[in-house]
Every structure is written in C-alpha cells, then in structure tokens.
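Trainee: I'm new to this one, so please pick a single part and take me through it slowly. I'd like to see how that part sits in the whole.

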Amino acid sequence: PMAKLTSNDPSLEEAMQDVSRALSEFKAWENGYDTIFEVLRRAIMHGAREQTLDNVSSDLQIEDAWVFILEVRRKHKHRRKRVAECVKALVDSGSERWLRVVSESPRVQETLTNLPEDAYEEMVQLF
C-alpha cells in the first residue's frame, strides 16, 4: 500500500518504496506521482529537521529518490518550488550519503543533464 499523506511524520522508508515503484512502473507514476512526491517531500523535510536522512537502507533508494525528484521537475514545471525546497533541504542537511550519491551516481548525473536548460541551471545553483 502507498504511504498515506495523513501521517504527521511520514516514513522516509515507505516513501522511498513508493518512489522506486513509480520509477519502475509507468502506471504507478501516472496514477500516483503527485501523492508520492508530496509524501517524499514531507519525509525529506522531516528527515532533514531530525537529522535522520541517512537512515535509508540502501544507496540505491537514495539514487531512486534523486532521479524521481529530478523527473518530477522535468515533467511537471508547476512543481518547481516544491522540488527546489526538497533539494535545498537535502543539500542543507549536510547528509554525506545523499550528497555522495548525487555526485557519484551516473544515473542521477544523466537525469540532471537531461533536464531542460532552465531546470538544470536551477538545480545546479542549489548544489
């Protein structure tokens, strides 16, 4: 089942599972990207505040989360501010794992360079 929006403290782990599913199944993306993004955003904001972002079980999940966030930015321009808020929270959190994955993952780097120029510039400035 998908993580619920009603929870005050969305589980980063649950949100990450939804993200991975949305990336692997087109239908899951089309039907639920909005809710998944919102839950992930809240979980990231909470994790950044509580310094618990590194409690994710695998770097692959972190990679999926970055790709998902960047894909949301590419496909849904109206989410620009929310995406920027997420990225800024991740960068400002000082999480070594999240920042290492974003700089070392070929998949994340490729997704980043495939963004439209305005979105690319926006993201690069946040890093």
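Mentor: Let's zoom in on a small ring cluster: Trp66, Trp98 and Phe127 are linked by ring pairs. Rings of Phe, Tyr and Trp (its six-membered ring) pair if their centres lie within 6.5 Å; planes under 30 degrees apart count as stacked, over 60 as edge-to-face and the rest as tilted. Keep in mind that this is a predicted model, where local features need pLDDT of at least 70 and side-chain atom pairs count only at pLDDT 80 or more, while totals for chains, interfaces and linings use all residues. Residues are numbered from 1 along each chain as its sequence is written, and side-chain values use heavy atoms, leaving out hydrogens and water.

The structure holds two aromatic pairs. Trp66 and Trp98 make an edge-to-face one, with 6.0 Å centre to centre and 65 degrees between the planes. This pair joins distant parts of the chain, since Trp66 belongs to helix α3 and Trp98 to helix α5, 32 residues apart. (Helices are DSSP runs of H or I with at least four residues, strands are runs of E with at least two, and both are numbered from the N terminus.) Both tryptophans are buried, meaning under 20% relative accessible area, with exposed over 50% and partly exposed in between, using a 1.4 Å probe and protein chains only.

What does Trp98 touch? Leaving out residues up to four places away in sequence, the list is Leu12, Met16, Leu53, Asp54, Val56, Ile62, Ala65, Trp66 and Leu90. Touching, or contact, means heavy atoms within 4.5 Å. Arg97, in α5 as well, is buried with a relative accessible area of 17%. With the same sequence neighbours left out, Arg97 touches Asp54, Val56, Ser57, Ser58, Asp59 and Ile62.

Now follow Trp66 back to its helix. Helix α3 covers residues 59-75, 17 in number, and reaches 24 Å from first C-alpha to last, close to the 24 Å expected; that expectation is 1.5 Å times one less than the number of residues. Most of α3 is covered, with 13 of its 17 residues buried.

Both tryptophans also show up in the largest nonpolar core, which has 38 residues; Leu12, Leu40, Trp66, Phe68 and Trp98 have the most contacts inside it. Such a core is a set of buried Ala, Val, Leu, Ile, Met, Phe, Trp, Tyr and Cys residues joined through side-chain atoms within 4.5 Å. Elements giving two or more residues are α1 (12-24), α2 (26-50), α3, α4 (80-92), α5 (96-104), α6 (106-113) and α7 (117-126). The biggest share, nine residues, comes from α2.

Step back, and the chain has seven helices and zero strands. Its 127 residues would give a radius of gyration near 14 Å as a compact globule, and the chain's 13 Å agrees; the value is taken over C-alpha atoms, and the rule is 2.2 Å times the number of residues to the power 0.38. Of those 127 residues, 47% count as buried. Finally, among contacts between residues at least 6 apart in sequence, 78% join residues at least 24 apart.
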